[in-house]
Structure formats: structure tokens, C-alpha cells
Amino acid sequence: PPDVEQLGRSTWTLLHSIAATYPPRPTPKEQSDIKDFMRLFSKLYPCWVCAEDFQSYVEKKEVKAGSREEFGNWLCEAHNEVNRKLGKPTFDCSKWEERWRTGWKD
Ligand code: FAD
């Protein structure tokens, strides 16, 4: 089985990068695509214990996909939920775009 930590880091990079390129004003099709993607992703994620918890999270907190900002924040909150579960510090979601889209200024 894949290394859960390595897999996690790469996967968050992929997911936040998808959010960073998600349109500011998505079409209805783009919105349903991202929701389908997240639902299938949570089923197929190859860390089974992780996937189980993430699936219940996605069911409980429906994917917000009305804009890049909305989806980016939803994903940041989802990542924070995992951070809390693992006892990691939570991330300030107001810095999400700076971290994943526009880049740190320093
Ligand atoms: P990561 O959490 O991988 O984060 C990578 C980088 O993202 C950080 O360095 C930081 O710059 C940035 N970041 C951190 N928080 C946020 C945020 N909220 N929003 C935006 N950016 C942020 N591991 C388990 O052991 N058990 C699990 O149940 C589990 N569930 C997971 C579920 C999913 C869907 C995913 C993708 C991963 C899961 N993992 C799980 C892996 C875990 O989340 C971490 O990826 C792994 O522990 C490595 O952590 P890390 O400290 O390197 O940083």
C-alpha cells in the first residue's frame, strides 16, 4: 500500500491545484463535474481508512462549487478537518489563494 503521508502530501497538492485553476465563475457543468470528481475521489482514494472518513465528511458538508473562492474555501476547511483529526495545526483559510494560486510574496 502507498505511504499514507507521502500520498497525502501529493494528493493535497493535486486537490488544491485543481481548486486554484477552478473558474471564478463556473458553468453549471463545471460545478457538477467538480462535485462528481470529489465524490468519486473520496471513494477511490487509496488509503481506505482516510477515504471512509473523508466520504462521510463530503456527505455531511456538501461540496461548495459556486466559484473558485467557494470551492477553495470548502477544500481548505476539509483539509483542516483532517488536520484536526491528526492533531496537526489548522491552516488559515484566508491565506489559501496565496499558498496555492498566487504564491507567497516574500
Ligand atoms: P499536509 O497535510 O499533507 O499538507 C500539505 C501542505 O498543505 C502543508 O504543508 C501546508 O502548506 C498546506 N496546508 C495545510 N493545511 C491546509 C489547508 N487546510 N488548506 C490549504 N493548505 C493547507 N492521514 C492519516 O494519517 N489519516 C487520515 O485519515 C488521513 N486522511 C486523509 C484524507 C485525505 C482526503 C487526504 C488527501 C489525506 C489524508 N491523510 C490522512 C494524509 C494527511 O492529511 C497528510 O497529507 C499527511 O499526514 C502529511 O502531512 P503534512 O504535514 O506533510 O501536510
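Biologist: Which helix gives the most to the shell around the ligand?

Modeller: Helix 1, with seven residues. Helices here are DSSP runs of H or I with at least four residues, and strands are E runs of at least two, numbered from the N terminus. Bear in mind that this is a predicted model, where local features need pLDDT of at least 70, side-chain atom pairs count only at pLDDT 80 or more, and totals for chains, interfaces and linings use all residues. Residues are numbered from 1 along each chain as its sequence is written.

Biologist: What makes a residue one of those that surround the ligand?

Modeller: Its C-beta atom, placed from the backbone, must lie within 6 Å of the molecule. 22 residues surround the ligand, and the closest are Gly8, Cys50, Cys76, His79 and Phe91. Helix 1 (4-20), helix 3 (48-60), helix 4 (68-85) and helix 5 (96-102) are the elements giving two or more residues to that shell.

Biologist: How many helices and strands does the chain have?

Modeller: Five helices and zero strands, in the pattern α-α-α-α-α along the sequence.

Biologist: Why is the chain called as compact as a globular protein of that length?

Modeller: The globule rule is 2.2 Å times the number of residues to the power 0.38, and the radius of gyration is taken over C-alpha atoms. For 106 residues the rule gives 13 Å, and the chain has 14 Å, which is close, so the description holds.

Biologist: What share of the 106 residues is buried?

Modeller: Buried residues make up 12%; each of them has 20 or more other C-beta atoms, placed from the backbone, within 10 Å of its own.
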